[in-house]
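Here are some short exercises to work through with the structure open beside you. Try each task yourself before you read its solution.

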Amino acid sequence: MDNKVILIVDDEQTYLDTIAETLKEKKFKIVQAFNGKMGITLAKKFNPDIIIVDWEMPEMNGIEMIVELKKDQLTKDIPIIMCTGIMTSSKNLDTALQAGAVDYIRKPVEPIELTARINSALNMANAFKEIKKRNEQIEKQKISIEHQNDELKEINATKDRLFSIIAHDLKNPFSGILGFSELMVDSNNDFDREKLIEFASFINSSAQTAFKLLENLLEWANSQTGTINFEPKNYLLSDILIENINLCNHSAQAKNISIAYASADNLMIYADLNMINTILRNLITNAIKFTHKTGSIKINVIQQNDEIIIGVCDNGIGMDEDTKNKLFKIDEKISIIGTEKEKGTGLGLLLCKDFVEKHGGKIWVESELGKGSCFKFTLPVYGEN
């Protein structure tokens, strides 16, 4: 029983000395207090293995002390033995046990009985600690299993989304390409030049849709498997914005949509160039898709401390709360038709979320049905090259 700490709380020095002397022979370390308040202070300081407390004491009696100790996370599990020479009726002793004492000793204290009670309390404390330890291990295992279940659900949702895209969204444009190309090959003499150009235009549009989808699909698949290199460097933001606006301008001009951006001055961002280009390209393309002809898109830039907030905002069809809540969830399939019947899978936004979070940022949307949408994300201002 070496190193076991016993806290004795009694306002009578005689009993303190008697109990302390008995326990010292058993190689216990003894800590003494003269009232309940002092006992609580020492209990928090020394975290004793057992507390022996008198019932009647000045300032704070034994019952009040027990109640306070049981309220505190630090001391609530310490076994407490009530020691009393006056409050010895069955009703009083039951009161002590109800307050939180695990046992009691009547005064005058008998050494043999005291030792037996102490040993019993220590065995109880050891058993309780072992049970608590096992419960903590079980709880950790439970959390680990729940985490693994969540990962499995996400993996299954990812697999289902991939199959859905391959089976439906990727199949449709290729069906159009195959159908019209076969028609042109087999019956080219049946159509005039204008009709053939119309077919070719449809094939080109379908091919571009398929290519964009494949591009996002491959990038997203690589991001899920961790095969994409993350190589952030310092870049001038305005250069990146201009480049991506120019890339998307052809689609915007086809719908007579204007794209403007707020001056980014000489702001530098710390980002992976391929990832930031993918984020901006997807957000701008989405904005074009869901904006009516002659509409407008604005790209806003705000610096807040050590991060930059970039917003791609349109005055298009917007979305309701239910749609907003589903946008960045892998297990939610969203298919919103663009203003010119453009189709989408929502995969681009999932890719944006992955890439933004890779930079330690966050992405969200502010939107109102019929009044447009604004997709915003954060990036660090600068870092070390």
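A disulfide is a pair of cysteine sulfur atoms within 2.5 Å. Keep in mind that the model you see is predicted.

**Exercise 1. The disulfide**

Task: Find how many disulfides there are, and work out which parts of the chain are tied together.

Solution:
- Step 1. Apply the cut-off of 2.5 Å. By this rule the count is one disulfide.
- Step 2. Name the partners: Cys313 is joined to Cys374, with an S to S distance of 1.9 Å.
- Step 3. Place them on the chain. Cys313 belongs to strand S10 (residues 307–314) and Cys374 to strand S12 (residues 373–380), so the pair ties together parts that are 61 residues apart in sequence.
- Step 4. Check the surroundings: Cys313 and Cys374 are both buried.

**Exercise 2. Two more cysteines**

Task: Decide whether Cys83 is buried or exposed, and do the same for Cys248.

Solution:
- Step 1. Recall that buried means under 20% relative accessible area.
- Step 2. Cys83 has a relative accessibility of 1%, so it counts as buried.
- Step 3. Cys248 has a relative accessibility of 5%, so it counts as buried too.

**Exercise 3. The second largest pocket**

Task: Describe the second largest pocket by its volume and its lining.

Solution:
- Step 1. Start with the volume, which is about 400 Å³.
- Step 2. Turn to the lining, made of 22 residues; Asp77, Ile78, Phe128, Lys129 and Lys132 lie nearest the centre of the pocket.
- Step 3. Ask which element gives the largest share of this lining. That element is helix H5 (residues 111–169), with nine residues.
- Step 4. Sort the lining residues by character: nine are nonpolar, four polar and nine charged.

**Exercise 4. Helix H9**

Task: Compare the expected span of helix H9 with the distance between its end C-alpha atoms, then look at how H9 sits in the structure.

Solution:
- Step 1. Helix H9 (residues 273–289) has 17 residues, and at 1.5 Å a residue these should span 24 Å. The expected span uses one less than the number of residues.
- Step 2. The end C-alpha atoms of H9 are 24 Å apart, which agrees.
- Step 3. Of the 17 residues of H9, 13 are buried, so this helix is largely enclosed by the rest of the structure.
- Step 4. Look at the start of H9, where a side-chain oxygen of Asp272 comes to within 3.1 Å of the backbone nitrogen of Asn274.

**Exercise 5. Backbone angles in loops**

Task: Inspect the backbone at Pro108, Asn47 and Thr294.

Solution:
- Step 1. Lys107 and Pro108 are joined by a cis peptide bond, with omega about -5°. Pro108 sits in the loop between strand S5 (103–106) and H5.
- Step 2. Asn47 is a residue other than glycine with a positive phi, near 45°. The loop that holds Asn47 runs between helix H2 (36–46) and strand S3 (50–54). With a relative accessible area of 45%, Asn47 is partly exposed.
- Step 3. Thr294 is not a glycine either, and has a positive phi of about 65°. You will find Thr294 in the loop between H9 and strand S9 (296–304). Its relative accessible area is 59%, so Thr294 is exposed.

Terms used. Residues are numbered from 1 along each chain as its sequence is written. This is a predicted model: local features need pLDDT of at least 70, side-chain atom pairs count only at pLDDT 80 or more; totals for chains, interfaces and linings use all residues. Side-chain values use heavy atoms; hydrogens and water are left out. Helices (H or I, at least four residues) and strands (E, at least two) are DSSP runs, numbered from the N terminus. Buried means under 20% relative accessible area, exposed over 50%, partly exposed in between (1.4 Å probe, protein chains only). On a 1 Å grid over the protein atoms alone, a cavity is a set of points where a 1.4 Å probe fits but cannot get out, and a pocket is an open set with protein on both sides within 12 Å along at least five of seven lines; lining residues have an atom within 4 Å of a point. Grid points are joined across faces, edges and corners, and a volume is the space filled by probe spheres set on the points. Ala, Val, Leu, Ile, Met, Phe, Trp, Tyr, Cys and Pro count as nonpolar, Asp, Glu, Lys and Arg as charged, and the others, Gly among them, as polar. A polar contact is a pair of N or O atoms within 3.5 Å; within protein, one must be able to donate a hydrogen and the other to accept it, and residues adjacent in sequence count only if both atoms are side-chain atoms.
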